[in-house]
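Visitor: Could you walk me through this protein and tell me how each label is earned?

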Amino acid sequence: MLKTPAIDVYSEIGKLKKVLLRRPGSEIENITPDLMDRLLFDDIPYLEVARQEHDAFAEIFRRNDVEVVYLEDLAAQSIQAEEIRALFLEEFIAESGIRGDMKKAAVLDYFQSFEDTRTLIDKMMAGIRKEEVFIANPKSLSDIMDSDYPFLIDPMPNLYFTRDPFASVGTGVTIHHMRTVTRQRETLFGKYIFKYHPDFRDSGIKFWYDRDEQYCIEGGDILVLSDKVIAIGISERTDAAAIDLFASRLFADGQSFEVILAFDIPKSRAYMHLDTVFTMVDHATFTIHPEIEGPLTVYSIKKSTKKGTEFDIEKETMELKRILERYLELEEVTLIRCGGKRGIDAGREQWNDGSNTLAIAPGEVVVYARNHITNHLLEENGIRLHVMPSSELSRGRGGPRCMSMPLIRERL
Ligand SMILES: NC(=O)NCCC[C@H](N)C(=O)O
C-alpha cells in the first residue's frame with residue numbers, strides 16, 4: 001500500500017485527515033494598545049478564553065478523526081539537534097530587529113538558557129520584554145541605548161493563524177514571504193519544520209515558494225479548488241509577481257494542476273486575503289462576501305503549449321459564479337452570501353470572518369458561532385456546521401480557515 005505523502009492537499013473540501021494549529025500562547029499577553037496596529041490586531045484577546053475557544057476548535061477535529069498537530073510541538077521537535085538549534089536561533093535573532101552585538105549576545109544566552117526546546121519555542125513566539133535580559137559590558141550606543149520601547153524581541157501573536165506563513169498545495173508546500181515585518185519571522189518556523197522535522201525531512205515534499213523570495217504571498221490567498229484549479233488572491237498581501245513564480249514551479253513539476261485563477265480583489269484590511277471573502281464549503285457551494293459579487297477581474301494562468309512561452313494568460317471580467325462554473329466544470333454553483341445580502345449584517349459578519357469557513361469534509365464546515373445569519377443560511381443550503389465559540393479569537397481578524405493549515409486531505 002503506497003504511503004500517503006507527508007503533505008497531500010488537492011482540494012478545499014476533501015475529508016481532512018491531518019491539520020496544523022497553533023494554540024495561542026503568551027504572545028497574546030504581549031500585545032499592547034500602542035502595538036496593536038503594527039501587530040495586526042484590532043483588540044487584545046483575553047488569553048485564557050482564547051485558549052478555551054481554541055481547544056474547542058481542536059476538539060472538533062479530534063471528534064471527526066482528524067489528527068491535530070501543533071506548530072509549537074513540530075518546531076520544538078525540529079530543533080532537537082544542537083547544530084540545527086544554533087542555526088535557527090542565529091536566523092531568528094538576525095531577523096528580530098535587535099541592534100547591538102552585546103544585546104544580541106545577551107539574547108542568544110537567554111534563549112540558550114532554556115533547557116527544553118518546547119519552552120524555548122514558546123519564549124521565541126512570546127517575544128522578550130526588555131526587563132527579561134540584562135546587557136552586561138555594553139560596547140556600543142545600540143547596546144547601551146535604553147529606548148522606552150518595551151520589547152527586545154517583538155511578540156508573534158498572529159502565529160495562531162497557521163493558514164498564512166506557509167501553505168499545503170498538492171504534495172508540496174509554499175513557504176511565504178509575508179507582507180509585514182511582524183509576520184515574516186513566522187515563516188522561519190515553517191522553514192525549519194519542513195526541512196528538519198522527521199515527518200517531513202526526507203518525505204519528498206516539494207517546495208513551491210521560498211521565504212527569501214522578494215515578492216510577497218500569504219496562505220490566506222491560496223485556495224486549492226480542485227486537483228486542477230487553484231485560486232489565488234492578488235490582494236493587500238499577495239503580489240502578482242509572486243503568483244508568476246509559484247505558477248512556474250508548480251507547472252514545471254508536472255502536478256495535476258492545470259490552471260491558476262488569480263483574482264484581483266480590493267486591497268484593504270477587511271479583505272486582506274481571498275479567504276476572507278470567499279471559501280469553498282461543498283462540491284459546488286461557496287460562501288461569498290456580497291461586496292465582491294458582481295463582475296470580478298480574474299486572470300487564468302495556464303501552462304502554455306507554445307514554444308518559448310511559459311504561460312497562456314487570459315484576463316476576464318465576469319461574475320464569480322460563472323467563473324467557477326466554467327473552470328470547475330460545474331453545472332450550477334451556489335453562492336451563499338455572508339450576512340445574507342449587502343449591508344449592515346454582511347459587513348459585521350464578514351469583519352468577524354463569516355466567510356472564512358473551514359471544510360473538514362464535503363458539505364461540513366467549521367464556523368464561528370457569532371456569525372448566526374451566515375450560519376443559518378449555510379444550514380438552509382444543507383451544509384453541516386461545526387460551530388465553535390469565537391469572542392476572543394476573532395479579535396485577531398481571522399476565522400476557522402485562517403487558524404488552520406491542512407496537511408492531509410483525502411482525495412475526492
Ligand atoms: N487567512 C487569513 O485571513 N488570516 C487572517 C490573518 C489575521 C492577521 N491579524 C493578519 O492581519 O495577518
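Guide: Gladly; we will go from the overall form to the domains and then to single residue pairs. Please keep in mind that this is a predicted model.

Visitor: What makes the protein as compact as a globular protein of its length?

Guide: Let me start with the elements: the protein has 12 helices and 19 strands. Its radius of gyration is 21 Å, and the globule rule gives 22 Å for 412 residues; the two values are close, so the protein is as compact as a globular protein of that length. Along the principal axes, the C-alpha atoms fill a box of roughly 70 × 50 × 40 Å.

Visitor: Into which domains is the protein divided?

Guide: Domain 1 covers 16-71 + 157-409, and domain 2 covers 97-151. Their centres, taken over C-alpha atoms, are separated by 34 Å.

Visitor: How do you know that domain 1 and domain 2 are in contact?

Guide: Contact asks for heavy atoms within 4.5 Å. By that test, 11 residues of domain 1 are in contact with 8 residues of domain 2. The area buried between the two domains is about 840 Å², and carbon and sulfur atoms give 58% of it. On the domain 1 side, Arg22, Asn30 and Phe189 lose the most area to domain 2, together 50% of what that side buries.

Visitor: Why is the pair Arg22 and Asp122 called a salt bridge?

Guide: The rule wants a side-chain nitrogen of Lys or Arg within 4 Å of a carboxyl oxygen of Asp or Glu. Arg22 and Asp122 meet at 3.8 Å, N to O, so the pair passes the 4 Å limit. Across the interface of domain 1 and domain 2, the rule finds 1 salt bridge. The interface also has 4 residue pairs in polar contact. The domain 1 residues that touch domain 2 divide into 4 nonpolar, 3 polar and 4 charged.

Visitor: How many salt bridges does a search of the whole structure find?

Guide: That search finds 42 salt bridges. One of them joins Asp154 and Arg38, with the closest N and O atoms 3.0 Å apart.

Visitor: What makes this pair a link between distant parts of the chain?

Guide: Asp154 and Arg38 are 116 residues apart. Asp154 sits in the loop between strand S4 (151-153) and strand S5 (166-169), while Arg38 sits in the loop between strand S1 (16-21) and helix H1 (47-63).

Key
Residues are numbered from 1 along each chain as its sequence is written. This is a predicted model: local features need pLDDT of at least 70, side-chain atom pairs count only at pLDDT 80 or more; totals for chains, interfaces and linings use all residues. Side-chain values use heavy atoms; hydrogens and water are left out. Domain bounds come from an automatic or database domain assignment. Buried area is the accessible area (1.4 Å probe) that two parts lose on being put together, summed over both. A polar contact is a pair of N or O atoms within 3.5 Å; within protein, one must be able to donate a hydrogen and the other to accept it, and residues adjacent in sequence count only if both atoms are side-chain atoms. Ala, Val, Leu, Ile, Met, Phe, Trp, Tyr, Cys and Pro count as nonpolar, Asp, Glu, Lys and Arg as charged, and the others, Gly among them, as polar. Helices (H or I, at least four residues) and strands (E, at least two) are DSSP runs, numbered from the N terminus. The radius of gyration is taken over C-alpha atoms; the globule rule is 2.2 Å times the number of residues to the power 0.38.
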